[in-house]
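Please open the model in your viewer and keep the selection tool at hand. The tour begins with the whole chain and then moves from one element to the next.

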Amino acid sequence: MRGFSTLQKCESCNSQFSWSKIYKSFWWSYKPIKCDSCGAKNNITISGRLTFVSLTILPMLIFGQFFSPFSNSLLTLGISLFIFFVGSLLVPFFVTYKASL
């Protein structure tokens, strides 16, 4: 298992992906990452997709629905979006990709 300080590597050549390359792949419908070194396509795994949801959407919804101490819905929405953004910044450290055959 990878630690928090390391990013995913290409399964074919063991070259490390950049944080920005992983981050951008989320916002394009989990677009596969093409390795710069060997050209292999690496697709996000199902557990990687669940990790993305667990660190972004789920905390945002839980805060917005159950833990918000604010009566102002605009403030609750703003903090929920902030939680989503912070979670999305952490996701590249935890998701997994697998080389496609």
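With the whole chain selected and its surface displayed, the accessible area comes to about 6600 Å², of which 66% belongs to carbon and sulfur atoms. Please bear in mind throughout that this is a predicted model. Switching to the C-alpha trace, you will find that it spans about 55 × 25 × 20 Å along its principal axes, and that buried residues make up 31% of the 101 residues in the chain. If you colour by secondary structure, four helices and three strands appear, and from the N terminus on they run in the order α-β-β-α-α-α-β. Of the contacts with a separation of 6 or more, 62% are accounted for by residues 24 or more positions apart.

Select next helix 1, residues 19–26, whose buried residues are Ile22, Tyr23, Ser25 and Phe26. These residues lie on the same side of helix 1, because they cover an arc of only 160° around the axis. Some background helps here: an α-helix has 3.6 residues a turn, so residues three or four places apart point the same way. To see what these buried residues of helix 1 pack against, add strand 1 (33–34), strand 2 (41–44), helix 2 (46–55), helix 4 (73–90) and strand 3 (97–99) to the selection.

Now keep the strands alone in view. Strand 1 and strand 2 pair in the antiparallel sense over two bridges, and Ile33 has Asn42 of strand 2 as its bridge partner. Between these two strands the hairpin has six residues, and in this hairpin Gly39 takes a positive phi near 85°. On the pairing of strand 2 with strand 3, the sense is again antiparallel, over three bridges, and here Asn42 stands opposite Ala99 in strand 3.

Which residues of strand 2 form its covered face, and which its uncovered one? Asn42 and Ile44 make up the covered face, whereas Lys41 and Asn43 make up the uncovered one. In a regular strand the side chains alternate between the two faces of the sheet.

Finally, show the surface again and select Val53, Ile57, Leu58, Leu61, Ile62, Phe66 and Phe67, which together make a nonpolar surface patch of about 660 Å². Helix 3, residues 57–67, provides the largest share of this patch, with six residues. One residue to centre on is Leu61, which lies in helix 3 and is partly exposed, with a relative accessible area of 46%.

How values were computed. Residues numbered from 1 in each chain as written. Predicted model: local features only at pLDDT ≥ 70, side-chain atom pairs only at ≥ 80, totals over all residues. Heavy atoms only, no water. Buried < 20%, exposed > 50% of the residue type's maximum accessible area, 1.4 Å probe, protein only. Arc of directions from axis to C-beta. Contact = heavy atoms within 4.5 Å. Patch = residues over 30% accessible without salt bridge, like charges linked within 9 Å, V, L, I, M, F, W, Y side chains within 5 Å. Areas by Shrake-Rupley, 256 points an atom, 1.4 Å probe, with all protein chains shown as cover. Salt bridge = Lys/Arg side-chain N within 4 Å of Asp/Glu carboxyl O. Pairing = 2+ DSSP bridges.
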